[in-house]
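Good morning. Please look at the sequence and the model on the screen, and I will go through a few of its parts.

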Amino acid sequence: MVLLGSVLFGIQALCSWAASPPAREAQAALLSLTCDDTAAEKAADLALCQINAHRNEGYILSLYRIFCVQEHPQEITGSVFYLNLDVVEAECHVLSRKFWKNCMVRFDHTTVYGQCKAIIYINQAINFAHLNTECILQPVPPGYIWTVCPDCPVDENPTEPKDLEAAVQSLAKFNVESEQTHYFPVLNVSRALMQWVEGPACFVEFLIQETSSSKNDTIADISKCKPLSSELAQIGFCKGSVVNSQFVTISCEIYSLDPATEEEKQEANQTPIKSSQNHQQAFPSETNPFSPHLEKTVGWVKILPLSAEEVSFKNLPESQNKHKDGKPVPPEAAGHMPSLDGEKTKVDKPDMTKTVTGPVILPFPEEVSLSDSCPGEARKMDSFLQPLLPQKPTKV
């Protein structure tokens with residue numbers, strides 16, 4: 001009986017060992033890259049490009065530094081990268097579809113900052129990628145701003161009536177002075193800051209949408225104008241200010257009706273990629289970033305509400321009332337990163353219609369990179385954000 005039990009136990013152990021090596025080998029196959037590694041920087045660049053390209057609200061996210069990165073080379077071809085990226089908001093709205101490197105980052109006291117987890121599969125040989133991402137962001141706490149810059153303007157809730165009034169007042173100047181043929185009303189206020197400059201000063205950022213009302217007509221209330229259809233209406237992004245209720249400034253950028261991103265426009269002007277070697281020749285890393293056919297993007301960006309409390313990512317509770325670009329996140333979206341393991345994916349490109357086996361996507365690693373070079377060098381060395389940044393990966 002004892003012998004039989006030993007035999008059964010041995011068989012179970014052998015079966016267990018036989019089933020587990022692939023999982024163990026997959027975990028062991030993760031390579032800790034240095035945060036200044038060229039492959040790590042390209043993966044971070046592509047991840048941010050795709051995160052920004054698939055958002056319709058908020059601002060372009062820019063890389064502050066690579067926190068840590070691990071690579072899982074695939075048996076088929078290509079690699080899966082597991083990235084923790086410290087990010088900050090740029091001044092460009094996501095609807096501008098600009099490349100993040102072409103956007104100026106905000107001053108520290110006006111920025112929104114945080115960390116993104118990204119799982120990205122890159123297969124440059126067939127110009128193909130998957131992306132899973134989770135980002136959690138927050139504004140710089142007002143109390144912290146006041147300690148380092150007492151005179152700096154501070155964020156406030158952009159839904160306040162006085163902020164909408166400031167947007168309407170500054171937009172009136174644009175509607176009078178611009179060469180546009182139709183009136184534009186305020187679509188929504190996305191940012192508002194207050195400061196005392198010889199009186200109250202309100203700085204607002206907002207979207208505008210073209211209406212059917214001609215500027216040749218006298219319109220008493222532009223907000224009552226009928227907007228043009230989404231196929232015809234131009235969308236614009238404005239920055240306005242009203243100081244002491246009388247000094248008004250406005251600047252607006254009207255976006256093209258073509259929704260293509262800068263990267264996609266660059267890609268359209270290039271020769272189709274035949275191999276990874278040709279890809280390296282066709283796309284210099286800085287001027288023409290790799291823009292693959294992205295078969296699937298899964299993820300979300302959550303922005304914590306503005307709080308007067310001294311909150312930073314060092315002491316951020318694991319459970320928060322999280323928001324997606326200012327809107328509540330559906331419960332199903334707040335789980336673990338979706339797995340793409342074993343999917344069958346069809347690449348919808350010329351000469352690339354062959355069905356291929358999807359990449360092996362592991363759970364996001366709990367352990368950070370073992371590289372001594374991580375976190376990487378900050379792109380802005382004199383930033384007062386440094387004390388607020390996480391010392392370990394943010395749990396989302």
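In which strand is the place of Asp-86? Asp-86 sits in strand β3. Please keep in mind that we are looking at a predicted model.

Next, is Asp-86 buried or exposed? Its relative accessible area is 0%. Asp-86 counts as buried because buried means under 20% relative accessible area, and 0% falls under that cut-off. The side chain of Asp-86 has a polar partner: it makes a polar contact with the side chain of Arg-65, at 2.4 Å. If we set aside the neighbours within four places in sequence, Asp-86 is in contact with nine residues you can find on the screen, namely Ser-62, Leu-63, Tyr-64, Arg-65, Phe-67, Gly-114, Gln-115, Leu-389 and Pro-390.

Now a second charged residue, Arg-55. Where does Arg-55 lie? It is in the loop between α3 and β2. Its relative accessibility is 6%, so Arg-55 counts as buried. A polar atom of the Arg-55 side chain lies 2.8 Å from the backbone oxygen of Tyr-59.

On to the nonpolar residues. In soluble globular proteins, nonpolar side chains tend to be buried together. Here the largest nonpolar core has 36 residues. Which of them touch the most other members? They are Leu-61, Ile-66, Phe-81, Leu-83, Leu-85 and Ile-120. The elements that each give two or more residues to this core are α3 (38–53), β2 (59–73), β3 (79–93), β4 (112–123), β5 (128–139) and β11 (293–303). Of these, α3 gives the most, with 8 residues.

Take Ile-66 from that group. Again leaving aside neighbours within four places in sequence, Ile-66 is in contact with Cys-35, Ala-40, Glu-41, Ala-44, Asn-84, Leu-85, Pro-375 and Gly-376. Apart from the largest core lies another core, of 14 residues, which include Ala-167, Val-189, Cys-202 and Val-242.

Last, the protein as a whole. How many helices and strands are there? There are 7 helices and 15 strands. The protein has 396 residues, and 47% of them count as buried. Among contacts between residues at least 6 apart in sequence, 72% join residues at least 24 apart. The protein exposes about 20700 Å², of which carbon and sulfur atoms supply 55%.

To go back to the start: Asp-86 is in strand β3, and Asp-86 is buried. Thank you.

Definitions and conventions. Residues numbered from 1 in each chain as written. Predicted model: local features only at pLDDT ≥ 70, side-chain atom pairs only at ≥ 80, totals over all residues. Heavy atoms only, no water. Core = buried A, V, L, I, M, F, W, Y, C linked by side-chain atoms within 4.5 Å. Buried < 20%, exposed > 50% of the residue type's maximum accessible area, 1.4 Å probe, protein only. Helix = DSSP H or I, 4+ residues; strand = E, 2+ residues; numbered from the N terminus. Contact = heavy atoms within 4.5 Å. Polar contact = N/O pair within 3.5 Å; in protein donor to acceptor, adjacent residues only side chain to side chain. Areas by Shrake-Rupley, 256 points an atom, 1.4 Å probe, with all protein chains shown as cover.
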